[in-house]
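Biologist: Please take one part of this model and look at it closely. I would like to hear about the enclosed space and whatever connects to its walls.

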Amino acid sequence: YSVALLSREPGTWTPIIPGGYSARGTANGYLAYLDSETLLAVPFDPRSGEVRGDPIPFVDGIESFDVSDSGLLVYRESTGGARLVSIDRSEETRILSDDTQNYLQPRFSPDGRKLAVSVSPALQSDLWVFDLERGTQVRLTSEGAVNNSPTWSPDGSRLAFNSARSVPGIYSIPSNGGGLPELLWKRETTVRLPTSWSPDGRWIAVVEMNRDTGTDIWLLETGDSGAPMPYLVTPFEEHSPRFSPDGRWIAYVSNESGREEVYVQPFPGPGGKWTISTAGGSEPVWSSDGSELYYRSAAGMMGVAVDTSEALRAGKPRVLFDDTFQRNFLGVANYDVAPEGGRFVMVQPNQENSGPAQLKVVLNWTEELKRLAAERESP
């Protein structure tokens with residue numbers, strides 16, 4: 001990351017603060033920005049585009065902020081990361097990660113022995129695989145600011161993922177860390193996140209973020225052709241697609257009713273669709289035998305008995321446990337279910353900062369900047 005100036009006529013960028021992000025200009029000639037969750041301000045001339053002097057650290061542990069021309073600063077402190085935890089239907093919880101990190105999108109391997117997850121210690125996110133039996137871990141990515149949305153192949157040998165490396169797109173990589181990433185679908189401008197690999201290994205379900213149609217669902221063929229094709233592209237928001245264990249159905253989320261609900265459609269189609277949730281729902285995940293479909297709602301983690309042997313039949317949703325864990329990220333489920341069933345991996349916010357989020361306001365903060373600058377210049 002870096003703070004840069006865009007020259008609108010030639011359309012060229014000039015970096016001015018390496019490592020900075022979320023920059024805001026102030027009325028009295030400062031440029032405020034974040035660097036590794038520290039809020040700094042530096043004297044800045046908007047006409048010449050020059051930074052003058054050294055940056056002044058103001059406060060640490062900032063997640064986001066804004067400033068006003070009248071001298072107000074408002075910010076939200078960082079949540080302090082999260083832990084990976086295992087929880088069963090009796091709500092017995094076990095901590096899986098020793099440290100606190102920004103964990104996202106945990107995924108059990110097909111045999112349940114390993115866990116793939118995106119980890120963001122600062123601004124960069126990378127993929128790691130945890131061996132749950134041996135307690136070891138392997139880092140799979142190190143290139144690019146963003147590597148997320150890990151998706152296991154049916155045999156557990158590879159992981160598909162989204163990457164913002166030098167050639168951004170969807171890649172696959174050996175899950176043991178013993179090989180290089182292979183580009184599956186190059187990205188031009190549209191962000192695409194893989195979410196599910198079909199049981200026969202032929203297709204990867206992908207969430208595409210389109211400027212005109214919102215979030216849509218595409219299918220990427222993994223053979224020699226590697227040809228993508230649309231599955232659900234409508235004016236509504238569709239995301240979170242997951243193949244059923246028998247490969248005959250796809251569960252997904254749509255807001256076509258006016259709120260997000262979980263639906264199931266046949267794959268590859270054609271056919272109708274079945275509404276699974278009854279009072280809003282998101283982040284569907286199948287049980288490994290296809291007899292149950294899980295999703296999240298305001299009531300908690302929900303479970304629905306389903307029969308996919310012929311035409312789909314679904315039972316009444318029931319609450320499995322209270323869901324106070326971190327929710328989905330960009331249309332990708334932020335939890336998973338172990339293959340043996342009954343055990344969920346969730347992302348639990350840091351308990352020290354688990355209260356309601358607060359915005360803090362600082363009055364006349366630019367006057368404090370002047371005082372700090374004067375102290376720095378005084379002998």
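Modeller: Strand E24, residues 238-243, gives the most to the lining of the largest cavity: 3 residues. This is a predicted model, so read every value as computed from it. Ser240, Pro241 and Arg242 are among the lining residues, and their numbers fall within the range of E24. The rest of the wall is made by Arg107, Thr195, Pro284, Val332 and Ala333. Sorted by class, the lining has 4 nonpolar, 2 polar and 2 charged residues.

How much space does the largest cavity hold? About 30 Å³. A search of the whole structure, with a floor of 30 Å³, finds 1 cavity. Rolling a probe the size of a water molecule over the atoms shows where empty space is left.

Now follow Arg242. Arg242 lines the largest cavity, and Arg242 also lies among the residues nearest the centre of the second largest pocket. The others named there are Phe108, Pro110, Trp197 and Phe243. This pocket has about 590 Å³ of space. Its lining counts 26 residues. By class, they divide into 14 nonpolar, 9 polar and 3 charged.

Which elements give two or more residues to the lining of the second largest pocket? They are strand E12 (103-108), E16, E20, E24, strand E28 (282-286) and strand E33 (335-337). So E24 serves both spaces: it gives residues to the cavity lining and to the pocket lining.

Take E20 next. Strand E20 spans residues 191-197 and holds Arg192. Is Arg192 buried or exposed? Arg192 counts as buried, because its relative accessibility is 13% and the cut-off for buried is under 20%. Two partners sit by its side chain. Glu208 makes a side-chain to side-chain polar contact with Arg192 at 2.9 Å. The backbone oxygen of Lys186 lies 3.4 Å from a polar atom of the Arg192 side chain.

Lys186 leads into a sheet. Its number is within strand E19 (182-186), one of the two edge strands, and the other edge is strand E16 (147-152). Each edge strand pairs on one side only. The open sheet has 4 strands in the order E16-E17-E18-E19, and the pairing is antiparallel. From one strand to the next, the twist averages 25°.

E16 is the strand to watch, since it also gives two or more residues to the lining of the second largest pocket. Its neighbour in the sheet is strand E17, residues 158-163, joined to E16 by 4 bridges. The two run antiparallel. One pair is Asn147, whose bridge partner in E17 is Ser163.

At the other side of the sheet, look at the loop between strand E18 (169-174) and E19, where Asn176 lies. Asn176 counts as exposed because its relative accessible area is 55%, and the cut-off is over 50%. Its C-alpha atom is 7.4 Å from that of Val138, although 38 residues separate the two along the chain.

One last pairing stands apart from this trail. Strand E8 (residues 62-67) and strand E9 (residues 73-77) pair antiparallel over 5 bridges. Phe65 stands opposite Tyr75 in E9. The two strands form a hairpin with 5 residues between them. In the turn, Gly71 has a positive phi of about 95°.

Notes
Residues numbered from 1 in each chain as written. Predicted model: local features only at pLDDT ≥ 70, side-chain atom pairs only at ≥ 80, totals over all residues. Heavy atoms only, no water. Pairing = 2+ DSSP bridges. Axes fitted to C-alpha atoms, helices over the stretch in contact; angles between N-to-C directions. 1 Å grid on protein atoms, 1.4 Å probe; cavity = no way out; pocket = protein on both sides within 12 Å on 5 of 7 lines; lining within 4 Å. Points joined across faces, edges and corners; volume = space filled by probe spheres on them. Nonpolar A, V, L, I, M, F, W, Y, C, P; charged D, E, K, R; others polar. Buried < 20%, exposed > 50% of the residue type's maximum accessible area, 1.4 Å probe, protein only. Polar contact = N/O pair within 3.5 Å; in protein donor to acceptor, adjacent residues only side chain to side chain.
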